[in-house]
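Got your viewer open? Let's take a walk through this protein, one selection at a time.

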Amino acid sequence: MRTTPTLVTGGHTFASIGVGGGDHTCGITTAGETYCWGRNLESALGDGTTSNRNTPTLVIGGQTFGSVAPGYGHTCARTAAGQAWCWGDNGSGQLGDGTFDQQAAPVLVGGGFSFVQLALGSFHACGRTAAGELRCWGSNDTGQLGDGNLGTPGMSPVLVAGGFTFTAVDAGTEHTCAIASTTSREYCWGNNSGGQLGNGFAATIPSPRPVALTVPLAPPVLASRGR
């Protein structure tokens, strides 16, 4: 344990970095190489092994990525052309390659889609296209893929229901939220056990389709204290 910032070893210069919920971290160097370190029992580091690493290890395969998004036991990254590649745990289809096979090196997400943004939850992933279309894949136990189904995993990207286009997306453990391009309102779907969908419904009711926040997001208003 460290109580002050500690330099990551290896002498690499990173242009971007991503931290997963499963105790691993990945970074992309200025040269486009991807390095990961930390827990690797599900091959989330993409180095061809299941050995934990306490220093950055190069992701194999030779792809050059522009952004990386770690999940729990899996990781996805996007090339400059928008291709999504994923590796690691695939027990819920979260690698999007049409299988449930764990992969120790990057595999191409199916469907031929070009994404401008990726967002990863614990066991699912979502990709947003330049046109604002949103597709998700992986675990759907609580409807976190947003395709209207509940419990059916997506082994390849499925379209989020509702006919929306989005400007941004983020994924939680078992839910997903995105901002609609036409109204700038936030929509969420998936697990609602803690009220994380923000739709005012009973917390025990998940939603397999996007639902709008009960109160639209707005900048906070600071009241005068009248001094």
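In what order do the four strands of the open sheet come? Keep in mind that you're looking at a predicted model. Then follow the strands across: the order is β13-β14-β15-β16, and the pairing is antiparallel. Colour residues 166–171 and 207–212 to see the edges, β13 and β16, each of which pairs on one side only. If you look along the sheet, neighbouring strands are turned by 20° against each other on average, direction ignored.

**Stop 1: the middle of the sheet**

Select 175–180 and 186–190. These are β14 and β15, an antiparallel pair held by five bridges. Zoom in on A178 and look across to β15: its bridge partner there is Y187.

**Stop 2: two rings that meet**

Stay in this sheet and show the side chains of F166 and W189. How far apart are the ring centres of this aromatic pair? They sit 6.0 Å centre to centre, with 45° between the planes, which makes the pair tilted. F166 belongs to β13 and W189 to β15, so the pair ties together parts that are 23 residues apart in sequence.

Are these two residues buried or exposed? Buried means under 20% relative accessible area. F166 has 3%, so F166 is buried, and W189, at 0%, counts as buried too.

Now add F164 and Y187 to your selection: ring pairs link F164, F166, Y187 and W189 into a cluster. Across the whole structure, a search finds eight aromatic pairs.

**Stop 3: the largest nonpolar core**

Next, select L134, C136, V160, F166, V169, A178 and W189. You've met some of these already: they are the residues with the most contacts inside the largest nonpolar core, which has 13 residues. Four elements give two or more residues to this core: β11, β13, β14 and β15. Which strand gives the most? That's β13, with three residues.

There's another core apart from this one, with twelve residues, including A69, V109, A125 and W137.

**Stop 4: a covered strand**

Select 134–138, which is β11. How many of its five residues are buried? Five of the five are, so to speak, under cover. Turn the strand and check the side chains: L134, C136 and G138 point one way, while R135 and W137 point the other way.

Then look at what lies beside β11. Residues 124–129 form β10, which runs antiparallel to β11 and is joined to it by five bridges. Here A125 has W137 as its bridge partner. In the hairpin of these two strands there are four residues between them, and one of those to click on is G132, with a positive phi near 90°. Now select 154–159 for β12, which pairs with β11 in the antiparallel sense over three bridges. G138 has G154 as its bridge partner in β12.

Before you leave, click C136. Leaving aside neighbours within four places in sequence, C136 is in contact with A125, C126, L145, S156, P157, V158 and V160.

**Last stop: a buried loop residue**

Where is N40? Look in the loop between β3 (34–38) and β4 (53–58). N40 counts as buried, at 0% relative accessibility. Show the side chain of N40 and find its polar atom that lies 3.1 Å from the backbone oxygen of T49. Not counting residues up to four places away in sequence, N40 touches L45, G46, D47, T49, T50, S51 and N52.

Definitions and conventions: Residues numbered from 1 in each chain as written. Predicted model: local features only at pLDDT ≥ 70, side-chain atom pairs only at ≥ 80, totals over all residues. Heavy atoms only, no water. Pairing = 2+ DSSP bridges. Axes fitted to C-alpha atoms, helices over the stretch in contact; angles between N-to-C directions. Buried < 20%, exposed > 50% of the residue type's maximum accessible area, 1.4 Å probe, protein only. Core = buried A, V, L, I, M, F, W, Y, C linked by side-chain atoms within 4.5 Å. Contact = heavy atoms within 4.5 Å. Phe/Tyr/Trp six-rings, centres within 6.5 Å; stacked < 30°, edge-to-face > 60°. Polar contact = N/O pair within 3.5 Å; in protein donor to acceptor, adjacent residues only side chain to side chain.
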